[in-house]
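Please take a moment to turn the model around on your screen before reading on. The paragraphs below go from single residues to whole chains, and they are best read with the structure beside them.

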Amino acid sequence: MARAVTPRRKLVNTGLAWAVGLLIFFPILWTILTSFKTEGQAIASPPIFLGFDWTLENYSVVMERSDYGRFLMNSIIIAGGSTILGLIVAVPAAWSMAFVPSQRTKDILLWMLSTKMLPAVGVLYPIYLLFIQLGLLDSRAGLVVVMMLINLPIIVWMLYTYFREIPGEILEAARMDGATLKEEVLYILTPMAIPGIASTMLLNFILAWNEAFWTLNLTAVDAAPLTAFIASYSSPEGLFFAKLSAASTMAIAPILILGWFSQKQLVRGLTFGAVK
Amino acid sequence: MATQQSRSAARLMMAPAVVLLLGWMLVPLIMTLWFSFRTYLPLRGGDQGWTGFDNYVRFVTSSAFWPAVQTTLMIVLGVLIITVALGVLLAMLLDQPMWGQGIVRILVIAPFFVMPTVSALVWKNMFMDPVNGLFAHLWRFFGAEPVSWLSDAAMPSIIMIVSWQWLPFATLILLTAIQSLDSEQLEAAEMDGAPPLKRFAFIILPHLARAITIVILIQTIFLLAIFAEIFVTTGGAFGTRTLSYLIFQRVLESQNIGLGSAGGVYAIILANIVAIFLMRIVGKNLDN
């Protein structure tokens, strides 16, 4: 909806939008800045914004003290593993629903969405119990499966909305030109589907990375990801602002960067295609 | 057009996803239902047999129940009102021509990607701490007494934290919707002399109605289940115990599985009522 406006109006818009944007972003900016201060400067009164002695000490202390590497590794394995596993299950399902729809396709899609609405706390104990019985408590494998199941409806839906946009005429044209089924899948469908699959991966990875109910309740030491790493700072340790900031920055930086690339997919994925 | 063969192939391709989700839904659900009718205290005698609707009655009649329902509703409603109202305004602002639009969008969307445990802790310590928090500095600067946010004004503080996390989502969806608005319609209204408020009320708002509904429904589902924000800030104290947090405490802290499961069934029913509305809207969207 780009309209021509007077430069004055544009200037006002720009100023206002930047002010609001910076205000919303400020807590993150403040965290990042504080992570480079010494503990003393972090709680100085009045607060210091930029004129402090930049130091990397907090990062090395956090790394040393709390085995950040292992938490990071767990986050990567859990988010990555559940995403890959989810895609393996969801791609064929979404594919068949998009290209060979039946009367029941819509009902199945809506039913899948409905499983997403099951409040986690309502089934916490059964899952907890099953995890103990199966020896999955505090294991990465268990969390990979749970994350995959939680996000499976979103993966299927997103892929479905992407696949449905691949026009059937192209396939027919290829067939008329004598393409075999293998060539059809390999040279036509796959290249057209890859952007959709990549976006789905991205959003799903972010959702799994930030998930904080199951990761807090089903892990203790071995499988604990970054959500749990940060939650451990809710004890009085959190009063060390600079270290808390360094730990926070380390936990959110990778996902913040990925997230900025996936804004559009976010709209599509989380509204199940209802807003485009 | 699809042959019998491709139909059965399609069914086969769908099977793993359907079976997995069916299991994920039914197994814990049946277990929760089962436990909800039993007296089950793992640390105090284990499973002590059937008890009928006792747990359901006890959960509802406990003194913690109604305050928890009230807290849940206040958080959901408070966050919805703030995020939708500010989201509409922000979406309209971001839709205007300006310099650096892409960067502003990135700044606005960022909080959504911050994990809930981080945002709760950052707000709790670096902003709301009554001694060293930024708000305390600000209050002192203006000569006021610093506030102990998370104990004296726990609910507004939590609503603020959660709103900060969800405002980007609302804004982004409303912005996407606003961008699909036909600008000619607005220009025509402008030329016909419709004042800005009328243009907003009669053109922009109706156009956004569907997107707003979607935002409300999806946020409600997530907000009914917020956990980490309360877990790391107040731990359910100072009147911030939501229904989900109450169930969590019954199950894991007091180890009363029967009672917690009955609460879980209530939570499932509550979420389903919201879900039915969402399904209707999404389902309609599938048809066209």
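In which loop of chain B is F238(B) found? This is a predicted model, and in it F238(B) sits in the loop between α11 (228-233) and α12 (243-253) of chain B. Its backbone deserves a second look, for the phi of F238(B) is near 55°, a positive value in a residue other than glycine. F238(B) counts as partly exposed because 17 other C-beta atoms lie within 10 Å, whereas a buried residue would need 20 or more.

Chain A offers a similar case to examine. D138(A), which is not a glycine either, has a positive phi of about 60°, and this residue lies in the loop between α6 (124-133) and α7 (140-163) of chain A. With 15 C-beta neighbours inside 10 Å, D138(A) is also classed as partly exposed.

From these loops we can step back to chain A as a whole. Chain A contains 13 helices and zero strands. Its C-alpha trace spans about 75 × 70 × 35 Å along the principal axes, and its radius of gyration is 23 Å, where a compact globule of 276 residues would have one near 19 Å. Of the 276 residues in chain A, 46% are buried. If we consider the contacts in chain A with a separation of 6 or more, 81% of them join residues 24 or more positions apart.

Helix α1 of chain A can be followed in more detail. Since each residue should add 1.5 Å, the 28 residues of this helix (residues 7-34) should span 40 Å, and the end C-alpha atoms are in fact 37 Å apart, which agrees. The helix nevertheless has a kink of about 55° at F26(A), shortly before the proline P27(A). That proline is itself one of the buried residues of α1(A), a group that also includes N13(A), A17(A), G21(A), I24(A) and I28(A). A general rule helps in reading such a list: an α-helix has 3.6 residues a turn, so residues three or four places apart point the same way. What covers the buried residues of α1(A) comes from both chains, and includes α2 (39-42) and α12 (241-261) of chain A as well as α3 (65-95), α4 (101-109), α5 (116-127) and α8 (154-179) of chain B.

This brings us to the place where the chains meet. There, 86 residues of chain A are in contact with 89 residues of chain B. On the side of chain B that touches chain A, helix α1 (residues 4-36) of chain B gives the most, with 17 residues. By class, that side of chain B has 69 nonpolar, 18 polar and two charged residues. Helix α1 of chain B also holds L26(B), which counts as exposed because it has 11 C-beta neighbours inside 10 Å. The C-alpha atoms of L26(B) and E253(B) are separated by 25 Å, and the two residues are 227 residues apart along the chain.

Finally, consider the nonpolar interior. The largest nonpolar core has 166 residues, and those with the most contacts inside it include A94(A), V156(A) and L159(A) of chain A together with I173(B) and L174(B) of chain B. To this core α7(A) gives the most, with 17 residues. If its neighbours within four places in sequence are left aside, A94(A) is in contact with V156(A), L159(A), Y160(A) and F163(A).

Definitions and conventions:
Residues numbered from 1 in each chain as written. Chains lettered and ligands numbered in written order. Predicted model: local features only at pLDDT ≥ 70, side-chain atom pairs only at ≥ 80, totals over all residues. Helix = DSSP H or I, 4+ residues; strand = E, 2+ residues; numbered from the N terminus. Expected span 1.5 Å × (residues − 1). Bend = angle between axes of the 7 residues up to and from the residue. Buried ≥ 20, exposed ≤ 12 C-beta atoms within 10 Å, placed from the backbone. Contact = placed C-beta atoms within 7 Å. Rg over C-alpha atoms; globule rule 2.2 N^0.38 Å. Nonpolar A, V, L, I, M, F, W, Y, C, P; charged D, E, K, R; others polar. Core = buried A, V, L, I, M, F, W, Y, C linked by C-beta atoms within 7 Å.
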